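User: I want the labels in this model justified, one by one. Set each value against its cut-off, please.

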Amino acid sequence: MRKLVISSLVWLSAFFQAQQISFDLLQEVSTEHSIGRNLESSQSLWLVNSQSGNFVKLQRNGYKYLASIHDPATGLLHYFNVYSKENSLVPVYANSYRYESSARTHAEAKNNVLKTAVVSETAPLEYEIKVFRKERDRKPEYIFRIKLDKALYTNLATSVDNPKVTAAVEQSLIDKLAGLPCCYRIISYEGTQPKGDYSTKSRIVKETPVSIFFIIPQVPKIDNL
């Protein structure tokens, strides 16, 4: 179970001056992956801080949820049990582990050629991005349709089966939005790979205002991972 939680943990930026981390939005996200006729769909819950853009995934574990928060300053991975009580979510600190991880590097896609077209300039802003392996290619390897909306934070992340393509698409969006006032976030996207018969879809289904605080004790309970 710990390995599963680690794999789904979301890395937060280094804002751990205080021992209290707050979130004010609860997002329900619907995701679909398909290869040929095989379709997998899932629903996930995320807590989001609408000011900073920091977010953490809630993973169902029986009658409760699990959440993991990584503090890059101390190298500690903090675990919380999150209970649903009287229509609210209550995080309870469980323990911490020393967790060493190599810093995330932004995958490069130097060999890919991206062509981005504006589908809609009105809200929600929509782009179509075609990813080619080489400049001379006529057919794209991937095609993305991405909808964005104004927000107080930036979130331009997508996910396909090729990390380099994911990074290239994010960079393309950053470039396109460079001249617009901050900030934008993705509210839905669809990525397809015509040759590989692969597609993925993701969208925010529901967003609920909340007020949730994760409190890390001054002296964490550190166990061995």
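User: Which residues are in contact with E40, leaving aside its neighbours within four places in sequence?

Analyst: T31, E32 and H33. Contact means heavy atoms within 4.5 Å, so each of these three meets that limit with E40. This is a predicted model: local features need pLDDT of at least 70, side-chain atom pairs count only at pLDDT 80 or more, and totals for chains, interfaces and linings use all residues. Residues are numbered from 1 along each chain as its sequence is written, and side-chain values use heavy atoms, with hydrogens and water left out.

User: Why is E40 called exposed?

Analyst: Its relative accessible area is 60%. The cut-offs are under 20% for buried, over 50% for exposed and in between for partly exposed, with a 1.4 Å probe and protein chains only. E40 is therefore exposed. Its C-alpha atom lies 9.5 Å from that of T200, although 160 residues separate the two along the chain.

User: And T31: buried or exposed?

Analyst: Buried, because its relative accessible area is 16%. Beyond its neighbours within four places in sequence, T31 touches E40, S41, S42, K201 and S202.

User: What makes the stretches that hold T31 and E40 strands?

Analyst: Strands are DSSP runs of E, at least two residues long, while helices are runs of H or I of at least four; both are numbered from the N terminus. T31 sits in β1, residues 20-35. E40 sits in β2, residues 38-48.

User: How do you know that β1 and β2 pair?

Analyst: By counting bridges. Two strands pair if DSSP finds at least two bridges between them. β1 and β2 have eleven, in the antiparallel sense, so they count as a pair. L25 stands opposite V48 in β2. The hairpin has two residues between the strands, and G36 in the turn has a positive phi of about 65°.

User: How many bridges join β2 to β3?

Analyst: Four, and the strands run antiparallel. W46 stands opposite K57 in β3. Six residues lie between the strands of this hairpin, where G53 takes a positive phi near 85°.

User: Why is β5 called largely enclosed?

Analyst: Seven of its ten residues are buried, so the rest of the structure largely encloses β5 (residues 76-85). On one pairing, seven bridges join β4 to β5, with D71 opposite L76. On another, ten bridges link β5 to β6, again in the antiparallel sense, and F80 faces Y93. The turn between β4 and β5 has G75 at a positive phi of about 75°. In the hairpin of β5 and β6, E86 takes a positive phi near 50°.

User: What makes β7 and β12 edge strands?

Analyst: The open sheet has twelve strands in the order β7-β8-β9-β10-β11-β1-β2-β3-β4-β5-β6-β12, with mixed pairing. β7 (113-120) and β12 (222-223) each pair on one side only. For β7, seven antiparallel bridges lead to β8. A117 stands opposite E128 there, and T116 opposite I129.

User: Which helix lies across β7, β8, β9 and β10?

Analyst: Helix α2, residues 163-177, at about 135° to β8. That angle is taken between N-to-C directions on a scale of 0 to 180 degrees, with axes fitted to C-alpha atoms, for helices over the stretch in contact.

User: What makes the lining of the second largest pocket?

Analyst: A pocket is an open set of points on a 1 Å grid over the protein atoms alone, reached by a 1.4 Å probe, with protein on both sides within 12 Å along at least five of seven lines; lining residues have an atom within 4 Å of a point. L26, L45, Y65 and S84 are among those that qualify. The largest share, five residues, comes from β11. The space amounts to about 200 Å³, where volume means the space filled by probe spheres set on points joined across faces, edges and corners.

User: How many residues of the whole chain count as buried?

Analyst: 42% of its 225 residues. The chain has two helices and twelve strands.
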